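Please open the model in a viewer and keep the selection panel at hand. The tour below proceeds stop by stop, each stop giving a selection and a description of what is found there.

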Amino acid sequence: MFVAPWRQALEREARRQDDTFRALVMLDALGVENPVAYETMELIPYLVGDLHDWHRRMGQSTFGDPGMCC
């Protein structure tokens, strides 16, 4: 009952934080130097599964080089 009035705002904020985290992990694939590449490299296999949904939500029909993802 407490969360119901703010459910959409909470889901939107959770998506925003998830997108920011995913962008930080994928900086190298986006062509930006990643200052924390050593720490985020091991997280990439966990994020690849939902990469397609993320780049479609960001407005890109394809992601990365040909053959990389979609």
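Does Asp19 count as buried or exposed, and at what relative accessibility? Asp19 counts as buried, at 12% relative accessibility. The cut-off explains the label, because buried means under 20% relative accessible area. Keep this residue in mind; the tour returns to it after an overview.

**Stop 1. The whole chain**

Display the full chain as a cartoon, bearing in mind that this is a predicted model. The chain contains 5 helices and 0 strands, and from the N terminus on its elements follow the order α-α-α-α-α. Colour the model by pLDDT: the chain averages 78, and 84% of the residues score at least 70. Among the elements, α1 has the highest mean pLDDT, at 87, and α2 the lowest, at 75.

Next, add the surface. The accessible surface of the chain comes to about 5600 Å², and carbon and sulfur atoms supply 58% of it. Of the 70 residues, 17% count as buried. As for contacts with a separation of 6 or more, 36% of them are between residues 24 or more positions apart.

**Stop 2. Helix α1**

Select residues 7–25, which form helix α1. Its end C-alpha atoms are 27 Å apart, in agreement with the 27 Å that 19 residues should span at 1.5 Å a residue.

Now highlight Asp19, Arg22 and Val25, the buried residues of α1. Viewed down the helix axis, these buried residues fall within an arc of 120 degrees, so they line one face of α1. Then show what lies over them: the cover includes α2 (27–30), α3 (37–40), α4 (44–47) and α5 (51–57).

**Stop 3. Val25**

Centre the view on Val25, which is part of helix α1. Val25 counts as buried, with a relative accessibility of 2%. Leaving aside residues up to four places away in sequence, select what Val25 touches: Asn34, Thr40, Leu43, Ile44 and Leu47. A C-alpha distance can also be drawn here, from Val25 to Glu42: the two are 17 residues apart in sequence and 9.3 Å apart in space.

**Stop 4. Arg22**

Move to Arg22, also found in helix α1. Which residues does Arg22 touch, not counting those up to four places away in sequence? They are Leu47, Asp50, Leu51, Trp54 and Arg57. Leu47 was also among the residues touched by Val25. Arg22 counts as buried, at 2% relative accessibility.

**Stop 5. The network around Arg22**

How many salt bridges does the structure hold? It holds 3. Two of them can be viewed from Arg22.

Show the side chain of Asp18 together with that of Arg22. They form a salt bridge in which the closest N and O atoms are 3.1 Å apart. Both residues lie in helix α1, 4 residues apart, which is about one turn of the helix. Asp18 is partly exposed, with a relative accessible area of 31%, whereas Arg22 is buried.

Add the side chain of Asp19. Arg22 forms a salt bridge with Asp19 as well, with the closest N and O atoms 3.9 Å apart. This pair is 3 residues apart in helix α1, a separation of about one helical turn. Both partners are buried. Salt bridges that share partners thus join Asp18, Asp19 and Arg22 into one network.

**Stop 6. Asp19 revisited**

Hide the other side chains and keep Asp19, whose place is in helix α1. Select the residues that Asp19 touches beyond four places in sequence: Trp54, Arg57 and Met58. Trp54 and Arg57 are also among the residues touched by Arg22.

**Stop 7. Glu13 and Arg16**

Finally, select Glu13 and Arg16, whose side chains meet in a salt bridge of 2.6 Å, N to O. Both residues lie in helix α1, 3 residues apart, about one turn of the helix. Are these partners buried or exposed? Glu13 is partly exposed, with a relative accessible area of 31%, and Arg16 likewise counts as partly exposed, at 46% relative accessibility. For a closing view, display this bridge with the Asp19–Arg22 pair, in which both residues are buried.

Technical notes:
Residues are numbered from 1 along each chain as its sequence is written. This is a predicted model: local features need pLDDT of at least 70, side-chain atom pairs count only at pLDDT 80 or more; totals for chains, interfaces and linings use all residues. Side-chain values use heavy atoms; hydrogens and water are left out. A salt bridge is a side-chain nitrogen of Lys or Arg within 4 Å of a carboxyl oxygen of Asp or Glu. Helices (H or I, at least four residues) and strands (E, at least two) are DSSP runs, numbered from the N terminus. Buried means under 20% relative accessible area, exposed over 50%, partly exposed in between (1.4 Å probe, protein chains only). Contact means heavy atoms within 4.5 Å. Accessible areas come from the Shrake-Rupley method with a 1.4 Å probe; for residues, only the protein chains shown count as cover. The expected span of a helix is 1.5 Å times one less than its number of residues. The arc is that of the directions from the helix axis to the C-beta atoms. pLDDT is the predictor's confidence in each residue, from 0 to 100.
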